[in-house]
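Work through the exercises below with the sequence and the model open. Try each task before reading its solution.

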Amino acid sequence: MMKELRDIVGAKNVLDDEQTLALYSTDQTLNPQKKPFAVVKPKNTAEVQKLVQWANTTLTPLVPASSGVHFTGGTLPAQGGVIVDLSRMNKILEIDPLNRKAKIEPGVTWQQLNEALKEHDQMALNPLFPHPQASALTSSVEREPMLIPKYEYAEPALTMEVVLPTGDLFVTGSASDAHCEGAYPEGPGIDFWRLFLGAQGTMGIITWLNVKTEYRPKNQKAFFMGFDCLEDCADPIYKMQRRHLGNECFVLSRFMMAQLLADDPKDFGKLMADLPNYTLVLVLAGAPRRPLERIAYEEEALMEIAADFQLQPGKTVGGIAGLESTMLNKLRNLSEGDHWKTRFASSSQEIFFITTMDKAARYEDMAMGYAATYGLNINEVGVYMQPLERGRACHLQFSFPCELEDESERENIGSLVVELSKQLIDEGAFFTRPYGPWADMVYRRSSSYTAMLKELKKIYDPNGIMNPGKLCF
Amino acid sequence: MTEKAKNDERHQQILNAFQAAIGVENVKDNPATVNAYFGDFLPPKMLGMTMPPEFVVLPNGTMETQAVIKICNRYKIPFIPVGSNQWSLTGSPNRPHTVIIDCKRMGAIHEIDEKNMYAVIEPLCTLAQVQAEAYKRGLYIGSPEASATASAIGGHVFQGMWGVGYRLGVAYRNILGLEWVLPNGEILRTGSFSQDADNGFWGEGPGPDLRGMLRGYAGAMGGVGMVTKMAVKLHPYPGPKVWPVEGVIPNQTSVLPEDRFKWHMVKYESLEDAVNFMYEVGKAEIAGVVQKWPTVYYIMWWSKSCEEYWTEWQKRTFQDNAKNAVGVCLWGFTSGKQLEYETRVLEDIIKETGGKPVKKEVYDMWVPHNANDWIRDTHGSRMMRASGTFLALRLQTDTLKYSIGQVKTGYKWVDKFSPPILDSDGPDWIGGYDFGHFGFGETDFPVEKNTEAIGDLMGKLMGMVKEDVTNGLENGVGPFLGGAYHQMAAPVFKYDKLLKGIKRAIDPNRVSNPPHQIDPDA
Ligand SMILES: Cc1cc2nc3c(=O)[nH]c(=O)nc-3n(C[C@H](O)[C@H](O)[C@H](O)COP(=O)(O)OP(=O)(O)OC[C@H]3O[C@@H](n4cnc5c(N)ncnc54)[C@H](O)[C@@H]3O)c2cc1C
């Protein structure tokens, strides 16, 4: 088998040494280790197709992985097999400023994309301070939430090329027609693209994606508002979003803000002491024309809303010096070096789901209750609320720092995450991206949806070779 | 037993089954009723529509719809779900024993969540009805040029391209949770409905998004069962709580408050210049609607009768003054100051791009009477004004730039097939969407309404579609024809195995409006 793999991608792109296999057997989650028997690194679509054809003949599971940074367990080979590491496919195939889109391969990192877009006065619609080395394609395909809720859409993915689990090549949306420019996702036939999103690599291997980009603002102003409790953030955000205010808009708890801002670990303690429990960040950004005038009318409206809620949006919270420029810099230039989420402990175990902002505080209470019961310091629980689609829904995320080397901590946090997730789901939290243990919790509640997904999977992947053991497959 | 007697017995058996399931009064097989569901806005016998349905049934709710569809499966008879039946091209029977599932008893708005901006509706709710409720709450939903009297679910499962889609979203993204009876009679709940049948606020997942099976660039033409409940997004709206109307039909005007809404009509020398202007407007992230209407649209929507249409056509008011004009409606979502800001930006763009305002008299004809039809269309039927019907040769969605070439190809076809295509002045409709991220182009025109001429033209249209497909052109008018098109296009664009596989899985008895969306056995 190894010979066949070497024939497809070249000997140096097939790895099966213990060290490499160990690296791909774990990730940032507490999911059990799963070992592949090889890691292969194709360089183009043709090689990916050959790998998939090979996997169908040998009935070998294939697990696509786009970068070396994994926070969800999606790339752990649940049933062994071969990891298809796509990091060599890292070209930005096109930047189209006129139609505001970029065509990227799976190995393109957030940092690479952001830097390239800068030259065209564009920016990517990235999630909350992504790991600079994480794959931008995977992030969009796996529906990580965008930081900017001002657009009606929460899905920057447009059109894509996919190697189907049968080895056939398929192109979605208007890109299926070589005359077109790939700007429209629907068709050919039906909205196939939707069936590849959130699929955790079970429906095929995406080899390029057209994603929306937006103008990089020339002028911008960040405002910060401090809150004692999450509940109080919701109504002002509803109002701001209804009036189309601002670009980035999100809420971070004290612990998350402190992690983000503590570029120097020495600052962490002081930040924890100075920051409010919750900080709402709203960036007013100028459009390409008359940018300052846009910021001015938006600021006036912001102050009106703030007065109604007795808020004082300012350039900082907790007296933190230079917060506005620090935040804008972090938003526009993805940082090098250690990832902010692992500054406090070697991992951050996360729970995230979709809900509406008026329900967020109830879920937060639950999370804090569980954290206390499991003996955690509730000040060290991260909370992130991301309004979506003009505030009509939100992504809510809790994070629990966890030392991966500490067996008892792993066990404690692992059990907390599972039990709290169950409770949240019982209470209506919608886990749209069911990774790891969430899959069973979610799919057992939705028999018809699950049955239909299984039917589809049989059509797409008759031999069950693409990332088996994930979702309900 | 004679063939007729056998048929009669079977008819009675099916009738009994429907009546038992949904009540005697909700099952119709009398000629007066069934004949009303036969034919479309083109003369009959287009696309093989040669017979009335055998039954028209009116279930109430998901469970009754499920019962009806299960009965169709038991007897292996085709059914067609219809909304307001405006796209009757695919909503009329094309084979014997068809059952029309009419949604007349499913008109409830179950919920409007004002804070979280969505409504949960049944298939009979029209877009006008949802809009009226939304306005009261400072919210909005779009309406296609077919008019706001279209079923909101029908419009969303079909195409749902509308003016305000430029800023407030197009139909495929408006669709949130669905309750959907599949062709085999199973109930599928998608999005957050999959976890909680009472909460449809979120559309996708869990995991891969099964909304993907519901529609494509054009709808599934009733080939994937019937949606009985849908949660749809609503959008922020800075307008009045009641749609403003002055006057009496057909001479109404609608003027929205000037501190929050302002139409500009800007004329260019060429289509290319007009589209360049549309790009600049999108790039500046201003406006709520950006439309380049063809001159036939101006005349269609303006005229109150066929006579007035042709008189107006000969006067050439719109051809001479609004050719290559773009209508831009600025919306003050944030405040009146937003409108003032956007006005300044727009003026800069007009100056830079060499645009000229259309003449005041023309502006005053169009804007108060008809421009707001692109926010709430109350005059869609006027598209039939000129000749009693209309056709389109090119419809495609990609970049704005791509639309130019497409509509220009459309002109050539229009010339080639004229008559029966009537005068239409290069019918190029181009709309900007998602702040100009993509554009939609369409060539619509009036056509002589007689069976022979249209039959001949439809034959040519199919020939043209075939030629397009052979040349790898996917995004033309084809998808609007449903099964006949997908049969040709699916192998070329490599979705035949997947689409046929899906159809086979959900429709084992091939009962959901065959041959739509594709015939898996062909
Ligand atoms: C004059 C005219 C202008 C138009 N302009 C536009 C336009 O500008 N933009 C645009 O997007 N569209 C346009 N259309 C198309 C129009 O959107 C649709 O005809 C209309 O909105 C669909 O709504 P309906 O209720 O009439 O659907 P119907 O005609 O009742 O149904 C359309 C299709 O959907 C299926 N269907 C209906 N209800 C359901 C359901 N509940 N579940 C599953 N399938 C169902 C039917 O079987 C049928 O095949 C136009 C049509 C006309 C006639």
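**Exercise 1.** In this predicted model, find how the side chains of A:Arg362 and A:Glu427 meet, and place both residues in the fold.

*Solution.*
- Step 1: take the N to O distance. For A:Arg362 and A:Glu427 it is 3.3 Å. The cut-off is 4 Å, so the pair is a salt bridge.
- Step 2: locate the partners. A:Arg362 sits in helix α12 (residues 357–373) of chain A. A:Glu427 sits in the loop between α13 (407–426) and α14 (438–443) of chain A.
- Step 3: read the separation. The two residues belong to parts 65 residues apart in sequence, so the salt bridge ties those parts together.
- Step 4: check accessibility. Partly exposed covers values between 20% and 50%. A:Arg362, at 38%, is therefore partly exposed. A:Glu427, at 33%, is partly exposed too.

**Exercise 2.** Repeat the analysis for A:Glu18 and A:Lys35.

*Solution.*
- Step 1: the closest N and O atoms of A:Glu18 and A:Lys35 are 2.8 Å apart, and the pair forms a salt bridge.
- Step 2: A:Glu18 lies in helix α2 (residues 18–23) of chain A. A:Lys35 lies in the loop between α2 and β2 (38–40) of chain A. The parts joined are 17 residues apart in sequence.
- Step 3: A:Glu18 has 52% relative accessibility, and exposed means over 50%, so A:Glu18 is exposed. A:Lys35 is partly exposed at 45%.

**Exercise 3.** Are the partners in the salt bridge of B:Arg394 and B:Asp468 buried or exposed? Then follow the contacts of B:Gln406.

*Solution.*
- Step 1: B:Arg394 and B:Asp468 form a salt bridge, with closest N and O atoms 2.6 Å apart.
- Step 2: B:Arg394 is in strand β16 (residues 390–398) of chain B, and B:Asp468 is in helix α16 (residues 451–470) of chain B. The pair links distant parts of the chain, 74 residues apart.
- Step 3: the limit for buried is under 20%. B:Arg394 has a relative accessible area of 2%, so it is buried. B:Asp468 is buried as well, at 8%.
- Step 4: move to B:Gln406, in helix α15 (residues 400–416) of chain B. Its side chain makes a polar contact with the side chain of B:Arg394, at 3.3 Å.
- Step 5: leave aside neighbours within four places in sequence. B:Gln406 is then in contact with B:Arg394, B:Gln396 and B:Leu473. B:Gln406 is itself buried, at 7% relative accessibility.

**Exercise 4.** Which residues does B:Asn372 touch, not counting residues up to four places away in sequence?

*Solution.*
- Step 1: place the residue. B:Asn372 is in the loop between α14 (360–369) and β16 of chain B.
- Step 2: check burial. Its relative accessible area is 5%, so B:Asn372 counts as buried.
- Step 3: list the contacts. They are B:Trp243, B:Ser254, B:Val255, B:Leu256, B:Trp263 and B:Val367.

**Exercise 5.** Describe the interface of chain A and chain B.

*Solution.*
- Step 1: count residues. Contact involves 87 residues of chain A and 88 residues of chain B.
- Step 2: take the area. About 7,900 Å² is buried between the chains, and carbon and sulfur atoms give 57% of it. In chain A, the residues that lose the most area to chain B are A:Arg289, A:Arg392 and A:Tyr449. Together they make up 11% of what that side buries.
- Step 3: count pairs. There are 17 salt bridges between chain A and chain B. One pair, A:Asp235 and B:Lys115, meets at 2.8 Å, N to O. Polar contacts across the interface number 52 residue pairs.
- Step 4: find the main contributor. Helix α15 (residues 447–460) of chain A gives the most to the side touching chain B, with eight residues.
- Step 5: sort by class. That side of chain A has 42 nonpolar, 16 polar and 29 charged residues.

**Exercise 6.** How many salt bridges are there over all chains, and which residues form a network?

*Solution.*
- Step 1: a search of the whole structure gives 67 salt bridges.
- Step 2: a network of salt bridges links A:Glu152, A:Lys212, A:Glu389, A:Arg392, B:Arg173, B:Lys233 and B:Asp434.

**Exercise 7.** How many disulfides are there over all chains?

*Solution.*
- Step 1: the cut-off is 2.5 Å between cysteine sulfur atoms. The count is zero.
- Step 2: test B:Cys103. The nearest cysteine sulfur, that of B:Cys125, is 8.9 Å away, and B:Cys103 is in no disulfide.
- Step 3: check accessibility. B:Cys103 is buried at 0%.

How values were computed: Residues numbered from 1 in each chain as written. Chains lettered and ligands numbered in written order. Predicted model: local features only at pLDDT ≥ 70, side-chain atom pairs only at ≥ 80, totals over all residues. Heavy atoms only, no water. Buried < 20%, exposed > 50% of the residue type's maximum accessible area, 1.4 Å probe, protein only. Contact = heavy atoms within 4.5 Å. Buried area = accessible area lost by both parts, 1.4 Å probe. Polar contact = N/O pair within 3.5 Å; in protein donor to acceptor, adjacent residues only side chain to side chain. Helix = DSSP H or I, 4+ residues; strand = E, 2+ residues; numbered from the N terminus. Nonpolar A, V, L, I, M, F, W, Y, C, P; charged D, E, K, R; others polar.
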